[in-house]
Amino acid sequence: MHSDRFLKCTMDEESIFWPSREEMARPDSFHPSTLQDVNGLEEGVEFLPTMNAKKVEKRGPKRWVVVTTALIVFLLLSLIVGLLVWHFKYRRAPVQKVYNGHLVVPNLDFIDAYENSSTPEFTMLSKKVKETIEEIYRSHSAIGPYHKETVITAFSEGSVIAYYWSVFIVPAYRAEALDNAMADKQSLIQTVTYKSRNPVLQVKSVVAFPADPSIIESSRDNSCSFALHAKEGEITSFTTPGFPNSPYPNNARCTWVLRADANSIISLTFKTFDVERCSEKSDFIKVYNSLSPVEPHSLVKLCGSYPPSYNLTFLSSQNVMLVMLITNAEGRNPGFKAEFFQLPKMKICGGTLKGESGVFTSPYYPAHYPPNMDCVWDIEVPSTKNVKVRFNVFYMLEPGIPVNSCTKDYVEIKNTKYCGEPPSFVVASNNNKIRVQFHSDQSYTDTGFSAEFLSYDSSDPCPGKFTCNTGRCIVKTMRCDGWVDCTDASDERSCNCTENQFRCNNGWCKPRFWLCDGVNDCGDNSDELQCKCPDKNFKCSNGKCILDTQKCDGTDDCGDGSDEGKCDRAQSVSCKDYTYKCRNGLCMSKTNPECDGKKDCTDNSDEENCDCGIRSYSKQSRIVGGLNSEVGEWPWQVSLHVKGQGHICGASLVSDKWLVSAAHCFQDTSQIRYSDATLWTAFLGLHDQSNRNSEKVQERSIKRIISNTLFNDYTYDYDIAVLELQSPVTFTTTVRPICLPDSTHDFPAGKDIWVTGWGATSEGGAGATILQKAEIRVINQTMCNTLMTGQITPRMMCVGVLTGGIDACQGDSGGPLVSVESNSRLFLAGVVSWGDGCAQRNKPGIYTRVSKLRDWIRQQTGV
Ligand code: 4AZ
């Protein structure tokens, strides 16, 4: 693989008495006298003589007055009843509120016995702290009347810090006032001198934060709570219950209280991490820089699975840390294994850096920097020079904080704040000094930065290189090459386009081959305009324009089927070369329906045999600029070794015993019979060629090699072979099969796609030890055939970067070219086959088009 550059997340009821709803509905219990009065009235009824109308009129009030009065009385009564119901049922309805908090007891020294809640010392102190808290609450009218219970959960150093939770039962209409009073540090009293029945207990810095009520249950249930203290010079490990042999429990809340000696901090690393895939309600782990699980002291929330190379090291700012695992009712994941140890607290960070150049990093880089840190670096280069700082890696991303505000964690230089995860950037100064400030707040930390400072001559800031307007230096060949290399795109402005380029309307030069490839390369879409069909028309792959209404109507109007092969809705149509055929013989108009998570065929055959193309780790590492793969990133990648020669070719695992590779790898030479299966050994789950004995690697002999009989060793047409393993492999995190595309599967021009292998890292150079990866682009077949002087057959596809620099190379042959399709599933689009050298300009790599040979693979292997 050649790549010299790569650009490319019990309620205790309050004693309030009022009639219940049932009582109010029963008038006898409400107004016992009313009914009697009514009865009394009935007994005294006087029947008037019907003829004496005058008497009738004179003696009784007018009828409408009676009716109206009754109505008004009725309405008033209803209103009163309604108001009472609203007041007692909703406004006064009691709600439960829980707060987590901590306070400092300044005039007390911490003793070891405070770490253990079963010691008499713990019990004594917690009783006093509890009384103090209750007194503070009592003194506040918005808090005191509603307080129900306070429990002291732990103590830690810092004089003595006490952690607690408090429960309140408050009428709904008083809840907000309670929240405000609890949030107001003044109301909780910064410094309280409280005289209890016992000796005086002074407390300060009382804070409390709203908490999830379920923490009460979890803190009463000790079945999944653990307390660990770091031992001097030792690493302590802990795991989720049952790890690694059985999944961690469902509906659990597990806590690990981690402690270190006074004046130390804790370094915690998750060595393996595999919990339920992240979703809104998935299981998760949270790490706190406190013994109280409160959001403002949260360091990280983790879910999903991480490859071993991902840096999952977190540092505390004091000698305690809390790890919580919260699980739902579903899922069977192994969990985590973690290690922690104590470190002396960093006294200062930053400092003065002098010289021509040097490097510096955020505290503890590449571990996640600790919270609550401020560092200042004063950089000074020789007085005749200017200074610039280049951030090669920069990760200071805080969840929910827009990167343009940088209100929490940031780096500040010359009154500009930097945060988020920008690609490498440079900040230059127009004198010989520059000051870099680093700030991390209370919560959420990231891996930080790695930077270097360099002195430069103001008249020639980038000797032999092109200077971006940002101050960054890039190699001259990157100027006007169609790729944006300077973060401000200054390398692609004011360019004179070469004959192999076209000029976009915005003045940029782009390779001609990107014209009309369906991708907006110019940014203003001008590369896709001239090739457009008139309005309300669809452009066929062969360039023909048809009416939009003719697209996906079941008729091949284009003549090449492209109007019927790319339909979003699966529709049963008459079978053509370009339509996906279900097992029941019905054909679908939808593009690439296989294993996309949607049932398109009525017999569901498009969603069968889909245990493929999924990586074991849901998280990818954030290693910038490197082309080394992660362990388990390409679990279908196989390394084929020949006895005495080492790695020769790549291959892809497509089932537990079949590999797909290139036929040209198994061509006999005068010296070696490469077609002899016994010569070959397959290494699966391999990452590093120098570590083939790793327990993650599965080694297999080859039972037989079947090369396509139509393979032409001159043209390299039909360059495909299938290899049967002597015994099946076991699917693991590092060994899994790739999906094979249907013969109708479309990998459109312009699509970004990945090639992997241990091939040469430069033309004629040595092979790589660590599995390499490169992202390249599918190139239009007709264009490519012109470029490759007519050597491209329908069984081939061209993929590469036409400006050169990224390509497959010798040793990558037979290996996978994979495309990320819908549902994040990966499909084997091609097999590395040949090329005119490696990584040269306008010379893309040529790959065997797997979709065209899908039926042959099925015939040979049954897969
Ligand atoms: C090879 O010799 C080879 N640049 C493989 C791929 C390419 C060139 C050579 C594509 O195996």
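Glu135 is partly exposed, at 30% relative accessible area. (Buried means under 20% relative accessible area, exposed over 50%, and partly exposed in between, with a 1.4 Å probe and protein chains only.) Arg138 is exposed, at 52%. The two side chains form a salt bridge, 3.0 Å from N to O. A salt bridge here is a side-chain nitrogen of Lys or Arg within 4 Å of a carboxyl oxygen of Asp or Glu. Glu135 and Arg138 lie 3 residues apart in helix α6 (residues 120-138), so about one helical turn separates them. Helices (H or I, at least four residues) and strands (E, at least two) are DSSP runs, numbered from the N terminus.

This is a predicted model: local features need pLDDT of at least 70, side-chain atom pairs count only at pLDDT 80 or more, and totals for chains, interfaces and linings use all residues. Residues are numbered from 1 along each chain as its sequence is written, and side-chain values use heavy atoms, without hydrogens and water.

The whole structure holds 23 salt bridges. Three of them are tabulated, including the helical pair.

| Salt bridge | Closest N to O |
|---|---|
| Glu135 and Arg138 | 3.0 Å |
| Lys385 and Glu356 | 3.3 Å |
| Arg704 and Glu724 | 2.6 Å |

Lys385 pairs with Glu356. This pair links distant parts of the chain, 29 residues apart: Lys385 sits in the loop between β19 (373-380) and β20 (386-395), Glu356 in the loop between β17 (350-354) and β18 (357-361). Lys385 is partly exposed at 24%. Glu356 is also partly exposed, at 42%.

Arg704 pairs with Glu724. Arg704 lies in strand β39 (residues 698-707) and Glu724 in strand β40 (residues 721-725), 20 residues apart. Arg704 is partly exposed at 39%, whereas Glu724 is buried at 6%. Both belong to a salt-bridge network with Lys657 and Lys703.
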